Amino acid sequence: MSNIFNGYCLIYESQINEGICIEIIHELMELKREEYLVEIKQNVKKGSTTDDIYEICKSCPNSPQEWKD
C-alpha cells in the first residue's frame with residue numbers, strides 16, 4: 001500500500017475504510033479466502049471476474065507497489 005491511504009476505492013466508487021482495502025488486496029493476492037471479492041462480483045461489479053477486479057485495483061494509488069512495477 002502507499003504510504004498515505006487516500007480512502008477512495010475505484011471498485012466501490014466511494015470512500016472506504018483502509019481495512020477493507022487491505023482485505024480486498026489480500027484476497028486478490030490469494031492470501032486469504034474470498035469474502036469481499038464474492039460480494040463485489042455479486043453486487044457491486046456484477047459479472048466481473050477476479051482478474052477484472054485486479055485490473056481496477058492495480059490502477060489505484062492505494063495498491064501495492066509491486067503491482068505497479
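Helices (H or I, at least four residues) and strands (E, at least two) are DSSP runs, numbered from the N terminus. Keep that numbering in mind for the first stop. The model on screen is a predicted one.

**Stop 1: Pro61**

Select proline 61. It sits in the loop between α3 and α4, the latter spanning 65–68. Proline 61 is partly exposed, at 45% relative accessibility. Now add lysine 32 and draw a C-alpha to C-alpha distance. Proline 61 and lysine 32 are 29 residues apart along the chain, and the distance reads 22 Å. Keep lysine 32 in mind for a later stop.

**Stop 2: Ser63, in that loop**

Move on to serine 63. The loop between α3 and α4 holds serine 63 too. Is serine 63 buried or exposed? Its relative accessibility is 3%, so serine 63 counts as buried, the limit being under 20%. Show its side-chain polar contacts. One runs to the backbone oxygen of cysteine 60, at 2.9 Å. Another pairs a polar side-chain atom of serine 63 with the backbone oxygen of lysine 58, at 3.4 Å. Then select histidine 26. Histidine 26 is 37 residues from serine 63 in sequence, while their C-alpha atoms are 11 Å apart in space.

**Stop 3: Ser48**

Next, select serine 48. This residue belongs to the loop between α2 (36–44) and α3 (50–58). Serine 48 is buried, with 17% relative accessible area. Which backbone atom does the side chain of serine 48 reach? The backbone oxygen of lysine 45 is the partner, at 2.9 Å. Expand the selection to contacts. Leaving out residues up to four places away in sequence, serine 48 touches Lys41 and Ile53. Lys41 returns at the salt-bridge stop.

**Stop 4: α1 against α2**

Color helix α1, residues 18–28, and helix α2. At what angle do the axes of α1 and α2 cross? The crossing is at roughly 95°, and the axes come within 9 Å. The two helices are therefore roughly perpendicular to each other. An angle of 65 to 115 degrees earns that description.

Now show the side chains at this contact. From α1, select Ile20, Glu23, Ile24, Glu27 and Leu28. From α2, select Tyr36, Leu37 and Ile40. Color these residues by class. The contact of α1 with α2 has 6 nonpolar residues, 2 charged residues and no polar ones.

**Stop 5: salt bridges**

Switch to charged side chains. How many salt bridges does the structure hold? The count is 7.

Center on lysine 32. One salt bridge links lysine 32 to glutamate 23, with the closest N and O atoms 2.8 Å apart. Lysine 32 also forms a salt bridge with glutamate 35, where the closest N and O atoms are 3.1 Å apart. Color by accessibility here. Lysine 32 is partly exposed, with a relative accessible area of 26%. Glutamate 23 is partly exposed at 27%. Glutamate 35 is partly exposed at 40%.

Slide over to lysine 41. Its salt-bridge partner is glutamate 34, and the closest N and O atoms are 3.2 Å apart. Lysine 41 counts as partly exposed, at 23% relative accessibility. Glutamate 34 is partly exposed too, with a relative accessible area of 28%.

Then select a group. Glu23, Glu27, Lys32, Arg33 and Glu35 are joined into one network by salt bridges that share partners. Glu23 and Glu27 also appear in the contact of α1 with α2.

**Stop 6: positive phi**

Open the backbone dihedral plot. Most residues other than glycine have a negative phi. Two glutamates are worth selecting here.

Start with glutamate 13. Its phi is positive, about 55°, although it is not a glycine. Where is glutamate 13 found? The loop between β1 (8–9) and β2 (14–15) holds it. Glutamate 13 is exposed, with a relative accessible area of 52%.

Finish on glutamate 30. Phi of glutamate 30 is near 60°, again a positive value in a residue other than glycine. Glutamate 30 lies in the loop between α1 and α2. Is glutamate 30 buried or exposed? Its relative accessibility is 71%, and glutamate 30 counts as exposed. The cut-off for exposed is over 50%.

Conventions
Residues numbered from 1 in each chain as written. Predicted model: local features only at pLDDT ≥ 70, side-chain atom pairs only at ≥ 80, totals over all residues. Heavy atoms only, no water. Buried < 20%, exposed > 50% of the residue type's maximum accessible area, 1.4 Å probe, protein only. Polar contact = N/O pair within 3.5 Å; in protein donor to acceptor, adjacent residues only side chain to side chain. Contact = heavy atoms within 4.5 Å. Axes fitted to C-alpha atoms, helices over the stretch in contact; angles between N-to-C directions. Parallel < 35°, antiparallel > 145°, perpendicular 65-115°, else oblique. Nonpolar A, V, L, I, M, F, W, Y, C, P; charged D, E, K, R; others polar. Salt bridge = Lys/Arg side-chain N within 4 Å of Asp/Glu carboxyl O.
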